[in-house]
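These are my notebook entries on one molecular structure. I record below what I looked up, entry by entry.

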Amino acid sequence: APHYALPSLCAELPEYTNAEADAIAQAFRSGNFCSLKDIPNRLGCGSVARHRFRKVLKSREPVAACGSYSRRSAFSEFEYIPSPYSMAESIRRQERLHHESQAERFGGGAWRAAGSACPLRHEAFGRADGFSVYQSEPDPFGAAEDQALRQKWLQDAAILAGPFRPAGRNKGRAGESSSE
């Protein structure tokens, strides 16, 4: 047989010899299926393997039929305590009201910017009569008058320039050309 097919020391041994040491090392590593509770309390030669073998046998035994479960015996009873989800909002509201009351008490009223004792020209939008120096929308009647004046100007300009005559020897509908 070739040398790679010869039995090795691992194949000749009846069981993996380092299994107990590996199980103990795995119990202390994260992300492993072995945990410290799977290791026996007293360690000795072969104690880890015996403990694991007993655990396998115990898991193969059929589970004894338990009595009927009721809801009260299966689940523990607890008192419902509502959690205040809006507590942060209520704390912010109380702080805001406290700050507003302090501003009223020490500042003599609500906060105003300096120089806001009388309204300025650009603040005239809220007047009762509706007058504003800075009216943003143009007057619709003024736009119609401008359009009528523009059309009249275009008609007057066409009269000053004379009638339209096409260029070249081709005659227009009236039979005249610019070369005549």
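Where does Asp 38 lie? I looked this up in the model, which is a predicted one, and found Asp 38 in the loop between helix 2 and helix 3.

Entry: the surroundings of Asp 38

I next asked whether Asp 38 is buried or exposed. Its relative accessibility is 16%. The cut-off for buried is under 20%, and Asp 38 therefore counts as buried. Leaving out residues up to four places away in sequence, I found that Asp 38 touches Phe 33, His 51 and Lys 55. With Lys 55 there is a polar contact from side chain to side chain, at 2.7 Å. This pair also qualifies as a salt bridge, with 2.7 Å from N to O. Asp 38 belongs to the loop between helix 2 and helix 3 while Lys 55 belongs to helix 3, so the pair ties together parts that are 17 residues apart in sequence. I noted that Lys 55 is partly exposed, at 46% relative accessibility.

Entry: the other salt bridges

How many salt bridges does a search of the whole structure find? The search gives three. Having described the bridge between Asp 38 and Lys 55, I turned to helix 5, which covers residues 87–107.

In helix 5, Arg 93 and Glu 89 are four residues apart, about one turn of the helix. Their side chains meet in a salt bridge, with 3.5 Å from N to O. I checked the accessibility of each partner. Arg 93 has a relative accessible area of 39% and is partly exposed. Glu 89, at 46%, also counts as partly exposed.

I then looked up Arg 96, which forms a salt bridge with Glu 100. The closest N and O atoms of this pair are 3.3 Å apart. Arg 96 and Glu 100 both lie in helix 5, again four residues apart, or about one turn of the helix. Arg 96 is partly exposed, with a relative accessible area of 43%. Glu 100 is partly exposed as well, at 42% relative accessibility.

Entry: helix 2 against helix 3

At what angle do the axes of helix 2 and helix 3 cross? I found that the axes of helix 2 (residues 19–27) and helix 3 (residues 47–60) come within 8 Å and cross at roughly 75°. Angles of 65 to 115 degrees count as roughly perpendicular, which is why helix 2 is described as roughly perpendicular to helix 3.

I listed the residues that meet. Helix 2 contributes Ala 19, Glu 20, Ala 23 and Ile 24, and helix 3 contributes Ser 47, Val 48, Ala 49 and Arg 52. Sorted by class, this contact has five nonpolar, one polar and two charged residues.

Entry: Ser 47

From that list I chose Ser 47, which lies in helix 3. Is Ser 47 buried or exposed? At 10% relative accessibility, Ser 47 counts as buried. I set aside its neighbours within four places in sequence and found Ser 47 in contact with Glu 20, Pro 40 and Arg 42. Glu 20 is one of the helix 2 residues recorded in the previous entry. Finally, I noted that a polar atom of the Ser 47 side chain lies 2.9 Å from the backbone nitrogen of Gly 44.

Terms used:
Residues numbered from 1 in each chain as written. Predicted model: local features only at pLDDT ≥ 70, side-chain atom pairs only at ≥ 80, totals over all residues. Heavy atoms only, no water. Axes fitted to C-alpha atoms, helices over the stretch in contact; angles between N-to-C directions. Parallel < 35°, antiparallel > 145°, perpendicular 65-115°, else oblique. Contact = heavy atoms within 4.5 Å. Nonpolar A, V, L, I, M, F, W, Y, C, P; charged D, E, K, R; others polar. Salt bridge = Lys/Arg side-chain N within 4 Å of Asp/Glu carboxyl O. Buried < 20%, exposed > 50% of the residue type's maximum accessible area, 1.4 Å probe, protein only. Polar contact = N/O pair within 3.5 Å; in protein donor to acceptor, adjacent residues only side chain to side chain.
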